[in-house]
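Hi,

Here is the structure I promised to pass on to you. Have a look at it first, and then read my notes underneath.

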Number of protein chains: 2
Amino acid sequence: MEHRIEHIKKQLHAHSYKLTPQREATVRVLLEREEDHLSAEDVYLLVKEKSPEIGLATVYRTLELLSELKILDKINFGDGVSRYDLRKEGAKHFHHHLVCIECGSVEEIVNDLLEDVEKIVQNDWGFEVKDHRLTFHGICKQCQEATVKAT
Amino acid sequence: MEHRIEHIKKQLHAHSYKLTPQREATVRVLLEREEDHLSAEDVYLLVKEKSPEIGLATVYRTLELLSELKILDKINFGDGVSRYDLRKEGAKHFHHHLVCIECGSVEEIVNDLLEDVEKIVQNDWGFEVKDHRLTFHGICKQCQEATVKAT
DNA sequence: CTTGGTGCAAAAGATTTGCACCCCC
DNA sequence: GGGGGTGCAAATCTTTTGCACCAAG
């Protein structure tokens, strides 16, 4: 954890930004809740528990900054809010998501499943792929089992 | 075109909704600008040209309705607005997009490139895929060529 | 009549911005 | 002492909602 904060600090410094206490508090929340796809409001409330003086605007500004530096990915699952997802260290791509339309849960897939598809896009469309976002909508294992039991 | 309107009319009727003049005007705009990924505001302004008495709320309600019936797909490219995309007739899946990070253009890929990937998700994660959304971010052919020339 | 659909204006959210202040090199 | 960063409140922007009214069966 400390190691990852150090790493982010370096990335900020490389672009002449500082890791202020507010930014650090925000990053810590993101690290602690890495699997959680938090909204800006979620992050704000969690940061506020530890650092009550922080403002919502600062959280927005921090999330925006981290997104620009590709430390964070801004995603949108179709409810009205943006959610934020730490990019895995060293990952050159956004990871994928499985969104359950029954219970709303979100699972992550870290494997890159799209290498072949990217080659096709590159060759057949002449499009130079830099990143991708892939979300599957469907029914998760738990909900499938629940349905079977209920029947 | 008329044929596609008829088809949509039937789909509405099948769910006990009517194809009112306002809805028809909205659908016509969507058909005319099928490749364009319009926002609700865009649609509203275009419909207003032909039917000036229409209200923005009605457009929102129509787009919402058509999305629920899967006639339309609601997508989000990360700018603050939802955009709407007519589903190709008979397509069971959302189609894919190539978003150029240089010029902002959006190309569509109708082919389903994800059949193999879906099988993997189904088998390895036990997730029953109902739909997917895939967007590639990168540099389109035109912008690549422009860069080469400029160098 | 009664129900679904509409237009308008107000409301509700999410996000951004203006500004005074503050801390650090 | 100048610039980046912050907190607060106000502003902005998109989308939703309440309500009175209208049209068709």
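Below is what turned up, starting with the ground rules and then going through the DNA strands and the salt bridges.

This is a predicted model, so local features need pLDDT of at least 70 and side-chain atom pairs count only at pLDDT 80 or more, while totals for chains, interfaces and linings use all residues. Residues are numbered from 1 along each chain as its sequence is written, chains are lettered from A and ligands numbered from 1 in the order in which they are written, and side-chain values use heavy atoms, with hydrogens and water left out.

**DNA strand C**

Start with strand C, which has 18 residues around it (near means that a heavy atom of the residue lies within 4 Å of the strand). Tyr60(A), Thr20(B), Gln22(B), Thr58(B) and Arg61(B) come nearest. Among the strand C atoms that come within 4 Å of the protein, 73% are sugar and phosphate.

Now zoom in on some polar contacts (pairs of N or O atoms within 3.5 Å; within protein, one must be able to donate a hydrogen and the other to accept it, and residues adjacent in sequence count only if both atoms are side-chain atoms). The side chain of Thr20(B) has an N or O atom 2.4 Å from a phosphate oxygen of strand C, and a polar side-chain atom of Thr58(B) also sits 2.4 Å from a phosphate oxygen of that strand. Arg61(B) reaches a base instead: an N or O atom of its side chain is 2.8 Å from a base nitrogen of strand C.

Which helix gives the most to this surface? It is α4(A), with four residues (helices are DSSP runs of H or I with at least four residues, strands are runs of E with at least two, and both are numbered from the N terminus).

**DNA strand D**

Strand D is surrounded by 17 residues, and the closest are Thr20(A), Gln22(A), Thr58(A), Arg61(A) and Tyr60(B). Here, too, 73% of the strand D atoms within 4 Å of the protein belong to sugar or phosphate, and the rest to bases.

Backbone atoms take part as well. A phosphate oxygen of strand D lies 3.3 Å from a backbone N or O atom of Lys18(A), 3.1 Å from a polar backbone atom of Gly55(A) and 3.0 Å from a backbone N or O atom of Ser82(B). The largest share of the surface near strand D comes from α4(B), which gives four residues.

**Salt bridges**

Side chains of opposite charge can pair when their charged atoms come close. The whole structure has 24 salt bridges over all chains (a side-chain nitrogen of Lys or Arg within 4 Å of a carboxyl oxygen of Asp or Glu).

Try finding Arg83(B), which forms a salt bridge with Asp42(B), with the closest N and O atoms 3.7 Å apart. This pair links distant parts of the chain, 41 residues apart: Arg83(B) is in strand β3 and Asp42(B) in helix α3 of chain B. Arg83(B) also meets Asp79(B) in a salt bridge, at 3.0 Å from N to O.

Is Arg83(B) buried or exposed? Arg83(B) counts as buried because its relative accessibility is 17% (buried is under 20% relative accessible area, exposed over 50%, partly exposed in between, with a 1.4 Å probe and protein chains only). Its partners are partly exposed, with Asp42(B) at 29% and Asp79(B) at 32%.

Cheers
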